[in-house]
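Trainee: Hey, could you walk me through this one? I have a few quick questions.
Mentor: Sure, let's open it up.

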Amino acid sequence: LNCYQSLGEPDSCVAYFRGLQDKANDFVKTNCSRDILSLLGYSLSRTEDTKEAEKVMDLALNTTMARPTPKRLFRDYAYGAAVFFPDADKQDKVVALSEKALEQAALDHNEAGAQWVYSMLGLLYKNSGKISESADMMSRAIQAAKDGGDYTGQVNAYTQLADLYLHFHIPAYADSVACRALSPELMSKCSHPVIKGLAYYTKAKVKNELGQADSALVCCASADSLYKNLPYNSGKADIDCLSGTILASSANEDEYKEGMKRLERASTYGINMNKATAFYNRAKGYMRHGNTRDGEAMLDSMYVLCNN
């Protein structure tokens, strides 16, 4: 699961776990059916096949577990919360599963897992506009990562807290927290390129919000260097969207062309959210240069993606 996700190959990940399911002998079916279903459900959620992921995860959670342990139960409840997270009608279920996951994490002294769940709850409350509850969950995530000596978790938790403050238009707070995520101590001990790149990307968004475009582009370049050996949708698409938007708004013709080139790349190879963002900013770039026809075409493409 981790290897396929790191490679940016969610479809191959799903195929692998479906293969395990199809080839399972009687011993595996008796002892591991729930494990495979849980891993398959989470893998499906990474492909944007939300309905199938929910169906499989419901089946997993209703399958009897042979020899339950806190570690295995935590995995299933946490993965279940992640699978149902995008469904606006099932937020109560996400909270209930998260609470069960945190109970199992406490039994297993699993601070890294607790950090992940607290961060997920923080995002849930952020999306529903509950800033106090969200900040509280993010702070708990930071503390859990500290308690477990998890430097990668600390970078991730600080980054998400910075993004929370940015979301609620408090860029000065966001800048302060983003600096903590990028502290030399944490970055030197964090081994995950995607999480380190995300910290730089968030800092770039903050700097752009503060009107410091040059600093934002420097942070984008730092993030891009961490993503260089990873699949495009492991972070490079986000960088192209942000740096492309900044450059496409420049009065310098060369910078404008480079920005539009990056946005075109994101609108071609990114996931749907990146594509929609890129089409929108390509539209602004064209219209700013008096090309209304191409600008409207970009907005039509964005509209189709948003409706899908």
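Trainee: Where does Asp87 sit?
Mentor: Asp87 is in the loop between H5 and helix H6 (91-107). Keep in mind that this is a predicted model.

Trainee: OK, and is Asp87 buried or exposed?
Mentor: Asp87 is buried, yet it has no salt bridge.

Trainee: Which side chain of opposite charge is nearest to it, then?
Mentor: That's Lys90, 4.0 Å away from Asp87.

Trainee: What else is around Asp87?
Mentor: Leaving out residues up to four places away in sequence, Asp87 touches Lys51 and Glu54. There's a backbone partner too: a polar atom of the Asp87 side chain lies 3.0 Å from the backbone nitrogen of Asp89.

Trainee: Switching to salt bridges. How many are there?
Mentor: The count comes to 17 salt bridges. Here's the general idea: side chains of opposite charge can pair when their charged atoms come close.

Trainee: Can you show me one?
Mentor: Try Arg34 and Asp76, whose closest N and O atoms are 2.6 Å apart. This pair links distant parts of the chain, with Arg34 in helix H3 (residues 26-45) and Asp76 in helix H5, 42 residues apart. Both Arg34 and Asp76 are buried.

Trainee: And which residues make up the network that Arg34 belongs to?
Mentor: Salt bridges with shared partners join Arg34, Asp35, Arg72, Arg75 and Asp76 into one network.

Trainee: Got another pair for me?
Mentor: Asp163 forms a salt bridge with Lys126, and their closest N and O atoms are 2.8 Å apart. Here Asp163 belongs to helix H9 and Lys126 to helix H7 (residues 111-127), 37 residues apart. Asp163 is buried, and so is Lys126.

Trainee: What about Lys236, which side chain does it meet in a salt bridge?
Mentor: Asp224, at 3.1 Å from N to O. Lys236 is in helix H14 (residues 236-248) and Asp224 in helix H13 (residues 213-227), 12 residues apart.

Trainee: Why does Asp224 count as partly exposed?
Mentor: Because its relative accessible area is 28%, and partly exposed covers the range between the 20% and 50% cut-offs.

Trainee: Back to H9. How many of its residues are buried?
Mentor: H9 is mostly covered, with 15 of its 17 residues buried. The helix runs over residues 151-167 and reaches 24 Å from its first C-alpha to its last, close to the 24 Å expected.

Trainee: What's going on at the ends of H9?
Mentor: At the N-terminal end, Asp150 acts as a cap: one of its side-chain oxygens lies 3.3 Å from the backbone nitrogen of Thr152. After H9 comes His169, which has a positive phi, near 60°.

Trainee: New topic: how many residues are in the largest nonpolar core?
Mentor: It has 62 residues, and those with the most contacts inside it include Val117, Tyr118 and Leu161. Helix H5 (residues 70-84) gives the largest share of this core, nine residues. Apart from it lies another core of 10 residues, among them Ala204 and Cys220.

Trainee: So what does Leu161 touch?
Mentor: Ala135, Met138, Ile142 and Val177, not counting residues up to four places away in sequence.

Trainee: Last one: which residues of H2 are buried?
Mentor: Cys13, Val14, Phe17 and Gly19. The buried residues of H2 pack against helix H1 (2-7) and H3.

Definitions and conventions
Residues are numbered from 1 along each chain as its sequence is written. This is a predicted model: local features need pLDDT of at least 70, side-chain atom pairs count only at pLDDT 80 or more; totals for chains, interfaces and linings use all residues. Side-chain values use heavy atoms; hydrogens and water are left out. Helices (H or I, at least four residues) and strands (E, at least two) are DSSP runs, numbered from the N terminus. The expected span of a helix is 1.5 Å times one less than its number of residues. Buried means under 20% relative accessible area, exposed over 50%, partly exposed in between (1.4 Å probe, protein chains only). A polar contact is a pair of N or O atoms within 3.5 Å; within protein, one must be able to donate a hydrogen and the other to accept it, and residues adjacent in sequence count only if both atoms are side-chain atoms. A nonpolar core is a set of buried Ala, Val, Leu, Ile, Met, Phe, Trp, Tyr and Cys residues joined through side-chain atoms within 4.5 Å. Contact means heavy atoms within 4.5 Å. Lys and Arg count as positive and Asp and Glu as negative; His and the chain ends are not counted.
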